[in-house]
Structure formats: structure tokens, C-alpha cells
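Colleague: I'm new to this structure and I'd like a close look at a single part, the place where two helices from different chains meet. Could you walk me through it and then show me what's around it?

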Amino acid sequence: MPGDLAETYRTTYRALVRFLYRKVWDAERAEDLAQEAFARAVVHKPENARGWLFIVAANMARDEARRAARERRHLTLLTAEAQESGPPIDDALHAEHERAQVRAALDQLTPRDREVLLLWDSGLSYDEIAAHTGLARGAVGTTLARARRRLVEAHEAGEKGEHVARG
Amino acid sequence: MSHVDDGTLHAYLDGELSLPEAQSIEAHVAQCPACRTRLEEERALITRAGELLAQATPPDREVPAFRPGDVKPPVRLWWKVRLPLAWAATVALALGVGTFLGESSSMRRARMPSHQESRDSADQVAQNAPALDRLAAPERQSRRESRPRQAAPSTRPPVGMLADKPKPMAARSMADSLSMADSTAYRGSSALNARAVTSAEAERRVAAKAAAPTAVPRPEMVSLGDRGYALKGAQIGADSARLLLGRDPLVVPDAPIRAMYRARMIGYSGMVIVEQALDSSTVIEVINGRASPVQLEAVVVSGAGVPRADSLAAAAPTPEPAPAAEKQKAERIASDFFVDVRGPLSTDSLAALRRLLRPLRP
């Protein structure tokens with residue numbers, strides 16, 4: 001592995017796994033995909049490895065989602081029901097619950113808003129995000145502002161709705 | 001100056017504005033209470049969004065080292081391919097040289113009826129091979145006597161010897177032309193000898209042609225060594241493969257899958273061949289087979305007159321003890337499951353790939 005790619009691996013791997021996790025919602029799968037993205041980078045030797053890795057990762061996650069959509073739909077419904085069946089009783093369950101809440105809030109964003117938000121949170125600059133999404137650089141701030149607001153609002157609405165439902 | 005829009009505020013808070021832009025924002029905020037309030041609101045919003053995202057984070061694990069299977073630069077794959085390629089080139093070159101020499105000598109023979117011409121061609125050959133000329137003149141007689149003995153074993157050379165045989169054969173036919181051109185008295189017998197050589201050569205060509213199909217297996221048949229042959233069928237998807245095998249097919253992780261094929265083989269209720277590209281020039285086949293729940297001890301073909309080598313019985317799996325490597329595999333994988341990797345790689349590389357095999361996940 002070339003030296004600069006090794007450096008990129010060291011600095012970017014976690015961010016890439018996090019980015020992928022928020023798309024596939026499976027920690028192991030996210031790690032697998034991140035490994036695969038780096039494996040491809042070894043072969044392709046991209047100029048801007050970091051930006052390239054996130055593009056490849058986003059594509060892989062999209063393919064993954066398409067392929068798994070049919071198989072998982074049923075499963076997701078089942079797990080969602082299971083989660084609502086009772087209040088969280090310990091920390092692990094609580095964290096899982098929080099995760100599900102954020103996931104639900106993220107799901108309410110438009111694909112572009114979500115993508116920009118996740119890329120920013122992964123440490124990409126406005127320039128890199130603009131190159132990745134095709135947005136004008138000046139539009140990245142506006143998109144981010146909207147995405148953050150919607151995320152927070154959707155999350156609050158979700159919590160409120162839950163409290164109402166529980167009485 | 002007008003108020004600052006949300007996007008610019010976020011860009012400012014994200015540190016993504018140029019210095020002059022940032023300074024103008026600061027100047028405005030300093031004298032605009034409304035924008036100051038909004039700036040703090042947006043700062044809180046950014047913090048809150050960051051907190052929420054932080055909750056949607058996978059469990060923090062150690063950054064793993066690159067998997068050894070992944071750190072295979074194409075160079076090393078090239079090394080693995082090089083030896084088979086070198087062999088292929090050698091065989092191709094040998095066949096090419098053999099064909100060329102064979103054709104040029106037959107051209108010479110075609111000209112033989114004219115004495116003058118055969119002298120010309122002999123001169124030509126003599127120019128090309130003066131050493132041969134010197135050899136041929138004094139030893140002409142003994143050569144002719146010993147020829148039948150020499151020619152006899154070479155009429156049907158083993159396939160492996162094809163590569164080096166053409167040269168002596170051609171040399172002999174050149175010697176024939178020389179001796180014939182020297183003396184008309186020997187013309188008749190020489191022509192006879194030339195015919196003998198021709199027929200020997202023709203036999204050699206037939207042998208070479210017969211050898212060619214065995215070297216290149218028919219595309220739809222996949223050899224599984226002593227297990228026989230699997231019949232490669234239609235292309236299928238991953239879901240069908242799963243159904244056929246009753247489990248995930250094993251594949252080499254991180255090598256792109258080009259295609260999956262249904263395959264049939266006696267003794268297996270389901271068989272899937274996964275084509276994977278290791279690089280642009282190397283494609284391997286991972287063969288997954290689910291043994292049939294009903295094991296056949298033998299296949300009896302009734303009504304067949306003479307048992308043939310390629311009859312069904314020959315293709316049936318033999319209950320012979322599996323080699324050590326396969327025993328290892330059998331321990332790791334369910335006993336009723338057969339998996340193998342085939343490809344243009346060395347035995348060691350294929351064994352290494354076999355160790356890498358992992359179930360294909362959705």
C-alpha cells in the first residue's frame with residue numbers, strides 16, 4: 001500500500017465506517033464496505049483518495065440498500081415493533097433506542113440534505129462536498145443549514161410523538 | 001449591509017468562509033443584534049445536530065489492519081499469472097515453429113519433380129545451413145541407412161515432445177533434398193523416402209491436432225480433477241444460488257463477482273460456479289456443490305454395449321479418500337458441501353484462495 005494511502009486509511013477509516021454505518025445501519029457490514037472501498041483504492045490509486053473513498057462508499061451503500069431492500073423490509077418492521085413494545089431498561093437498550101430515533105429523523109431528510117450532512121460529519125470540506133454532490137460550493141452552507149434544522153426538528157417531533165403515544 | 005442568510009452563517013460557523021468574507025460577517029454581526037441572536041441559535045443548532053449524529057455511531061472498535069487478502073497489488077497477481085502465461089507462450093511458439101518448418105519443407109517437396117529446381121532449393125538450404133551441408137555429404141549413405149530406425153519412433157511422438165521434435169524432422173528432410181540434388185541415381189529412392197517422411201509428418205500433424213482439444217477443455221465442462229466433470233449451465237443470480245445450495249455460496253472476499261452459473265454434476269443436488277475476477281486478466285471459478293442427500297455408490301448404465309472412458313460411470317464421484325487439503329476443508333465446511341477454486345494460477349495460489357473463501361453475504 002502506498003504511504004499516502006496508508007495515512008488516509010489511518011485518518012479516514014473510522015469516518016468512512018461511520019458514514020457507511022449511517023447508510024446501512026449494520027456495524028459489521030459498514031466495516032466490510034469500508035475495507036472494500038480501501039481495497040479498491042489500492043487498485044485504482046485515486047488522486048484525491050479521501051473524496052474518492054467517500055464517493056465509492058456512497059455508491060456501494062446505495063447498491064447495498066437496493067439489494068437488501070426487499071429482504072430487510074419485513075425484518076425492519078419486526079424490529080421496529082419490538083422496540084416499541086416496552087421502555088428501554090438499560091444503557092445498551094437506551095443507546096439502541098437513541099440510535100433508532102436518530103435514524104428515523106435522518107430518514108425524514110431529503111437524500112441530498114442527508115448526504116451533505118453525513119459527508120460534513122465525516123470530515124469533508126465544503127469543497128469536497130461540492131465535488132461529491134455536484135452542488136455549487138455556495139449552496140453547501142444553505143443545504144447544511146436546512147439539513148441540520150430538519151434533523152433536529154424531526155428528532156424532537158419523534159420524541160414528542162413517542163411521549164404522547166406513551167401518555 | 002443586509003442581514004446574513006442561514007447558509008452563510010453556517011459556512012461561517014463551519015469555518016468555511018474566506019478571511020475577507022468572515023471579517024465582513026463579523027463586522028455585520030457586531031452592529032446587528034438580530035443577526036447576533038441568530039448566530040447563537042445556529043451555533044446551538046449545529047451543536048445539537050452533531051450530538052444527534054454522534055448517537056448514530058457504530059460501536060467504536062480498533063481500526064483493523066488491512067486484511068491480507070486486500071493488500072494484493074496487481075503486481076503480485078501478475079507474478080502468479082506469469083508462469084502459466086510463459087508456458088502458454090512456449091507451447092504457442094513451439095507449435096508455430098513446428099507449423100512453419102513443416103510448411104516450408106512441404107513446399108520444397110512440391111518442387112522436387114524438377115531436378116534443376118531441387119538443386120536451386122538445395123543451394124538455398126545450403127546457404128542457410130552450411131554446417132548441415134558439410135554433415136550431409138560424407139554421412140549421406142549411413143544417414144539413409146539409419147533413417148528408418150530413426151524415423152520409426154518419431155512417427156507418433158508423445159504430446160510433450162512435440163515442441164522439440166520438429167527441428168530434427170525438418171533437418172532430415174533438408175538432408176533428403178541435398179542428397180537428392182547431388183545425384184540423379186538416387187532420385188527414385190529419395191522420392192520414396194520423401195513420401196515416407198511426408199506420411200510421418202502427416203501423422204505427426206494428426207497427433208498434434210488430436211492433442212489440441214484435450215489441452216483446451218470444452219467451455220461448458222468444468223474439470224474437477226478426480227471428481228470428474230461438472231456441466232456448466234445457465235447464468236443465475238445470488239438468490240438462485242442460495243436456493244440451489246441451501247446456503248450462501250462461498251466466494252473469495254473482495255474479488256468482484258463476474259457471474260454465477262448453475263452447474264450439474266452427478267452426486268450433487270445443487271452446484272453453483274462463481275466467476276470472480278482477481279484482476280483484469282485473471283478469472284477464477286469457485287465451485288460450490290451441495291452433495292445429494294441420496295448418495296449413489298455407483299452408476300450403472302444398462303443397455304450400453306461397450307463401456308467407454310467417457311461414459312457416465314467414469315464421471316461419477318469416486319469414494320476414494322480425499323486428499324489432505326480437502327479433508328481440511330471438509331472439517332471447516334459442512335461435510336455435505338463441496339467447494340473448490342479453479343483458475344489459471346499455481347497450486348499454491350489456488351490453495352491460498354481456498355483458505356480465503358467466505359460465504360457471500362447479501
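Which residues in H4(A) meet which residues in H3(B)?

Modeller: Happy to. Bear in mind that what you're looking at is a predicted model. On the H4(A) side, the residues that meet the other helix are Glu98(A), Arg99(A), Val102(A) and Ala105(A). Their counterparts in H3(B) are Leu52(B), Leu53(B) and Gln55(B). Sorted by class, this contact has four nonpolar residues, one polar residue and two charged ones. If you wonder about the spacing along a helix, an α-helix has 3.6 residues a turn, so residues three or four places apart point the same way.

Now for how the helices lie. Two packed helices are described by the angle between their axes and the distance between the axes. H4(A) covers residues 91-107, and its axis runs 8 Å from that of H3(B), at an angle of about 120 degrees. Angles of 65 to 115 degrees would count as roughly perpendicular, and those over 145 as roughly antiparallel. H4(A) and H3(B) are therefore oblique to each other. As for handedness, the crossing of H4(A) past H3(B) is left-handed.

Let's step back to the whole meeting of the two chains. On the chain B side, 27 residues are in contact with chain A, where 37 residues take part. H1 and H3 (33-55) of chain B each supply at least two residues of that side of chain B. The largest share, eight residues, comes from H3(B). Overall, the side of chain B that touches chain A has 15 nonpolar, five polar and seven charged residues.

So what else does H3(B) pack against? H1(B) is one partner: the two axes cross at roughly 65 degrees and come within 10 Å. This crossing is right-handed, whereas H4(A) passes H3(B) in a left-handed one. From H1(B), the residues involved are Asp6(B), Leu9(B), His10(B) and Leu13(B). They meet Arg38(B), Leu39(B), Glu42(B), Arg43(B) and Ile46(B) in H3(B). By class, the contact of H1(B) with H3(B) divides into four nonpolar residues, one polar and four charged. H1(B) spans residues 6-13, and its buried residues include Thr8(B), Leu9(B) and His10(B), along with Ala11(B) and Tyr12(B). Just after this helix, Gly15(B) takes a positive phi of about 70 degrees.

Over on the other chain, H4(A) has plenty of helical company: chain A has seven helices and zero strands. Of its 167 residues, 31% count as buried. Among its contacts between residues at least 6 apart in sequence, 61% join residues at least 24 apart.

There's another spot in chain A worth a glance. Ala27(A) is found in helix H2(A), residues 27-44. With 17 C-beta neighbours inside 10 Å, Ala27(A) counts as partly exposed. Setting aside neighbours within four places in sequence, Ala27(A) is in contact with Tyr21(A), and also with Pro58(B) and Pro59(B) from chain B. The C-alpha atom of Ala27(A) is 7.8 Å from that of Val17(A), ten residues apart along the chain.

Chain B, for its part, also has strands. Six of them form an open antiparallel sheet in the order S1-S2-S4-S5-S6-S7. S1(B) and S7(B) are its edge strands, each pairing on one side only. On average, neighbouring strands are turned by 30 degrees against each other, direction ignored. Helix H10(B), residues 238-245, packs on this sheet and touches S2, S4, S5 and S6 of chain B. Its direction makes about 140 degrees with that of S5(B).

Inside the sheet, S4(B) and S5(B) pair in the antiparallel sense over seven bridges. Arg262(B) has Val272(B) in S5(B) as its bridge partner, and Met265(B) stands opposite Tyr268(B). The hairpin of S4(B) and S5(B) has two residues between the strands, and Gly267(B) takes a positive phi near 95 degrees there. On its other pairing, S5(B) joins S6(B) over ten antiparallel bridges, with Gln276(B) partnered by Ile284(B). These strands also form a hairpin with two residues between them.

How values were computed
Residues are numbered from 1 along each chain as its sequence is written. Chains are lettered from A and ligands numbered from 1 in the order in which they are written. This is a predicted model: local features need pLDDT of at least 70, side-chain atom pairs count only at pLDDT 80 or more; totals for chains, interfaces and linings use all residues. Helices (H or I, at least four residues) and strands (E, at least two) are DSSP runs, numbered from the N terminus. A residue is buried if 20 or more other C-beta atoms lie within 10 Å of its own, exposed if 12 or fewer, and partly exposed in between; C-beta atoms are placed from the backbone. Two residues are in contact if their C-beta atoms, placed from the backbone, lie within 7 Å. Ala, Val, Leu, Ile, Met, Phe, Trp, Tyr, Cys and Pro count as nonpolar, Asp, Glu, Lys and Arg as charged, and the others, Gly among them, as polar. Axes are lines fitted to C-alpha atoms, for helices over the stretch in contact, and angles run from 0 to 180 degrees between N-to-C directions. Angles under 35 degrees count as roughly parallel, over 145 as roughly antiparallel, 65 to 115 as roughly perpendicular and the rest as oblique. A crossing is left-handed if the near helix is turned anticlockwise from the far one by less than a right angle, and right-handed if clockwise. Two strands pair if DSSP finds at least two bridges between them.
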